[in-house]
Amino acid sequence: MKKNTHREFTVVLWAVIAGFLLLTGCTGESEEGSAHTAADKKAVLAFPWSPASLDPHGSDSWEMMRSGTAETLVKLNEELTPVPWLAKEWKQENENTWIFQLEEGVTFHNGNAMDAASVKKSLLRSLKQGQTAKDLLQIESIEVLSENELKIVTAKPNAALIAHLADPSTIIADVASLEGEAGYPAFTGAFQIKQFTRDESLVAERYKDYWGTPALLSEITIKFIPEGTTRLMALQSGDVDAATDIPIDNIAVLEKDERFRVLTAPSLRTHMMLFNLNSPLVNNQNLRKAIDLSIPRAEIVDSIMAGYGTEAGGPFPEVLPFGKVEKKNQAESVGKWMEEEGWQLNADGIWEKQGRLFEVTMLTFPQRPELTVMAEIIQNELLEKGIKAEIRQVENIDEALANDEWDLSMYSMLTAHTGDPQYFLNIFYQSDSASNVSHYASSSLDRLIDQLNQTVDSAKRNQLALQIQEVINTDLPQSFIVYPETVFAARKAVKGFTPHPIEYYYIHSQIDVNE
Amino acid sequence: MKKVPYSVDAGLIGGAGLLIFICLAGVLAPWLAPHDPLAMDLSNRLSSPGWTYPFGTDHLGRCILSRIIYGIRISAVFAVLVMICTFLISLPVGLLTGYLRGRTDHLFMRFIDGMLAIPDIVLTIAIVGLLGPGFVNMAIAIILVRWANYVRFIRSLVLKVRKEDYILSARMSGNSHLRIMRRYILPEIFSPLAVFGALDTGKIVLAMAGLSFLGLGTQPPTPEWGIMLHDAAGYFQIAPHVMVFPGLAIMFFVFGCQLVSGRFSRRHTAAVKEV
């Protein structure tokens with residue numbers, strides 16, 4: 001009897017083990033198999049940022065655009081010139097009026113047709129939801145002329161209207177799909193959202209009825225991995241096929257590994273340090289100058305950027321026609337500015353005024369690893385010059401900038417993502433802009449920016465943009481540090497995933513995986 | 001054959017020696033460290049161990065050996081301070097609940113049961129998350145999480161002692177409760193507590209390193225072992241030594257604490273194990 005039970009047990013045990021092996025074998029096979037069948041190719045990408053929600057007309061519009069599911073009326077090509085996208089063509093009737101011909105036969109992911117009426121609804125929603133679209137477009141009215149014809153009238157002449165219609169805040173979506181609780185938003189892109197888990201992943205599958213060239217991949221999964229090294233390791237372990245924003249020091253590791261390809265390209269991004277003009281310590285211009293002088297830009301480019309970047313002298317990279325601002329006079333010393341404001345070096349070598357030490361809080365965040373290292377270098381330089389800085393690392397920098405107490409903060413902006421200076425200058429410097437994170441307010445600069453918004457001639461616009469930057473470099477609401485290069489890495493089998501100067505066009509229908 | 005007590009104990013001597021060596025190095029840091037632990041040299045980043053920099057340099061060109069030596073002052077001293085603070089909270093609570101029993105004891109124990117149901121590290125991270133990252137907040141979080149363990153342990157020791165005949169006789173001779181706790185119970189439970197404390201000091205160093213590694217503890221440029229590991233994480237593929245040496249420092253300190261407490265506990269009849 002006892003023997004029998006024993007034998008039964010052994011049989012069951014073996015059955016369980018065999019079943020388990022079979023099961024793991026199956027899953028492994030099915031996963032691998034899917035990568036090989038042509039119609040069913042998938043790719044997994046690692047991005048640093050996760051959208052908080054899927055609303056295309058809020059603060060997450062960039063992330064939605066990055067997912068390859070959404071489109072705008074106009075697109076920017078690699079030379080940053082506006083080209084047709086959902087709008088087939090456009091013409092300007094007079095200073096304030098534009099007529100747009102929409103692409104025909106476009107459907108949203110829920111099957112509804114995209115026509116002039118739905119585009120109008122979508123644009124009106126983006127104007128209502130966010131300040132960005134309002135600032136960019138300055139629209140007075142939108143009128144449906146026919147099924148595929150739309151008239152846009154701006155409140156005042158807006159020279160950059162076409163370029164600004166490429167901004168993600170103007171994503172065209174089926175408004176009805178955004179208002180219901182159920183289901184995912186319906187856009188018009190080559191991929192449609194299949195599944196989204198905040199801070200984890202977004203799965204997008206091929207949209208069968210896409211109006212353009214259908215996507216080569218049947219599915220793209222974006223994994224949100226904020227930490228640079230973790231992204232790198234996910235790539236090395238095979239968890240992801242490609243990753244963006246690879247920590248620069250690790251480029252060498254990937255270059256040695258023949259499975260991967262490292263792609264670098266100049267970006268339109270600027271790493272900078274923000275000053276909080278609401279903070280009593282740094283609202284003084286001379287003190288900001290003292291801090292600015294302490295930033296060792298050349299050393300930063302040579303060491304931690306390993307040459308993958310250039311020293312920054314203003315908000316826009318020098319490759320742009322409006323990016324060559326004259327360098328400031330560097331002859332002054334920190335001591336001169338500090339003494340002018342009545343600060344004195346105490347026995348410990350720290351600046352002191354009426355018993356108060358010059359101590360500042362500097363924020364930084366992990367998603368761009370080089371910024372934290374930069375913060376440490378700046379902290380060290382500042383200390384040598386008699387300024388104490390306490391570094392605080394925060395997970396969500398934009399939340400911290402809005403809610404916490406801070407003096408300095410590391411930051412990074414894609415400053416010329418519409419190929420035009422107007423957008424960045426408007427959102428970053430207009431006194432009433434919600435994105436004016438430094439709380440900088442200057443009525444004369446507001447006037448200059450308004451003037452830029454109304455100027456049509458491009459040479460004059462560039463001239464105005466340079467003039468504005470000179471004011472910025474004098475008032476110094478930020479210190480611009482470096483123009484970094486974009487660093488991507490992908491398995492060699494991945495094709496078409498390249499660093500476009502516009503960061504949110506990374507995913508497109510022509511990405512492919514060829515094993 | 002019973003082992004002769006108080007024989008020369010290699011483990012104890014080794015452990016104590018290791019700890020004394022580490023503490024001395026911390027005290028003598030300014031004389032022992034070959035470089036300024038904060039001095040950066042960006043032209044000499046991530047260099048391998050050599051004559052000038054025995055343990056190499058980190059991602060900002062700082063001397064790793066000097067940072068480890070100065071790190072003793074933070075990691076080890078901090079661990080001991082946290083320990084003392086935890087005892088200051090848990091000793092009175094443990095003594096009172098164990099000695100007086102009754103409703104207070106019941107209430108405290110259920111509360112502590114609830115706390116212990118949540119994993120240590122999760123609770124610590126949650127508390128630091130609420131308070132915000134930083135050295136002091138990390139200390140507060142570790143104390144808030146660990147005190148419950150200590151109360152449990154102290155109470156169990158007190159429960160055992162309070163039934164002893166000499167406590168009853170002391171009570172009968174008219175000693176006050178306070179005096180009994182101070183004169184008779186505290187000395188009796190002191191040595192197992194010391195063992196527990198020594199063992200836990202190592203664990204605090206580990207907890208602290210863990211939090212700093214997650215970016216929640218010490219903030220740059222403080223030379224602390226955990227934050228050194230955290231900083232090194234981005235470079236371990238190109239310069240593994242940046243991570244290895246701080247890791248070894250933590251290992252040796254914890255090992256020293258383990259050896260001392262392990263040998264100590266065998267000397268005493270009270271079984272010391274983690275509660």
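Start with the small sheet in chain A of this predicted model. Select β15, β16 and β17 of chain A: these three strands form an open sheet in that order, with antiparallel pairing. Colour β15 (344-345) and β17 (356-357) separately, since they are the edges; each has a single partner strand, so one side of each is left without a neighbour in the sheet.

Next, show strand β16 of chain A, residues 351-353, together with β17(A). The two pair in the antiparallel sense over two bridges. Label A:E352 and look across to β17(A), where A:L357 stands opposite.

Now move to the boundary between the chains. Select the residues of chain A in contact with chain B, and the reverse: the selection should hold 18 residues of chain A and 20 residues of chain B. The area buried between the two chains is about 1,700 Å², and carbon and sulfur atoms give 56% of this area. Within chain A, pick out A:D249, A:E376 and A:Q393, which supply 30% of the area that chain A buries against chain B, more than any other three residues.

Keep A:E376 on screen and add B:R62. These residues form a salt bridge, with the closest N and O atoms 3.3 Å apart. The count of salt bridges between chain A and chain B is two. For polar contacts between the chains, counted with both residues at pLDDT 80 or more, the figure is five residue pairs.

Switch to a cartoon of chain A and highlight α7 (228-237), α12 (369-384) and β19 (388-393). Each supplies at least two residues of the side of chain A that touches chain B. The largest share, five residues, comes from α12(A). Colour this side of chain A by residue class: seven of its residues are nonpolar, seven are polar and four are charged.

Finish in chain B. Select helix α2, residues 29-32, and within this helix B:A29. Is B:A29 buried or exposed? Its relative accessibility is 0%, so B:A29 counts as buried. To see what lies around B:A29, leave aside the neighbours within four places in sequence; the contacts are then B:I69, B:Y70 and B:R73. As a last step, draw a distance from the C-alpha atom of B:A29 to that of B:R67. The two atoms are separated by 9.5 Å, while the residues are 38 apart along the chain.

Methods
Residues are numbered from 1 along each chain as its sequence is written. Chains are lettered from A and ligands numbered from 1 in the order in which they are written. This is a predicted model: local features need pLDDT of at least 70, side-chain atom pairs count only at pLDDT 80 or more; totals for chains, interfaces and linings use all residues. Side-chain values use heavy atoms; hydrogens and water are left out. Contact means heavy atoms within 4.5 Å. Buried area is the accessible area (1.4 Å probe) that two parts lose on being put together, summed over both. A salt bridge is a side-chain nitrogen of Lys or Arg within 4 Å of a carboxyl oxygen of Asp or Glu. A polar contact is a pair of N or O atoms within 3.5 Å; within protein, one must be able to donate a hydrogen and the other to accept it, and residues adjacent in sequence count only if both atoms are side-chain atoms. Helices (H or I, at least four residues) and strands (E, at least two) are DSSP runs, numbered from the N terminus. Ala, Val, Leu, Ile, Met, Phe, Trp, Tyr, Cys and Pro count as nonpolar, Asp, Glu, Lys and Arg as charged, and the others, Gly among them, as polar. Two strands pair if DSSP finds at least two bridges between them. Buried means under 20% relative accessible area, exposed over 50%, partly exposed in between (1.4 Å probe, protein chains only).
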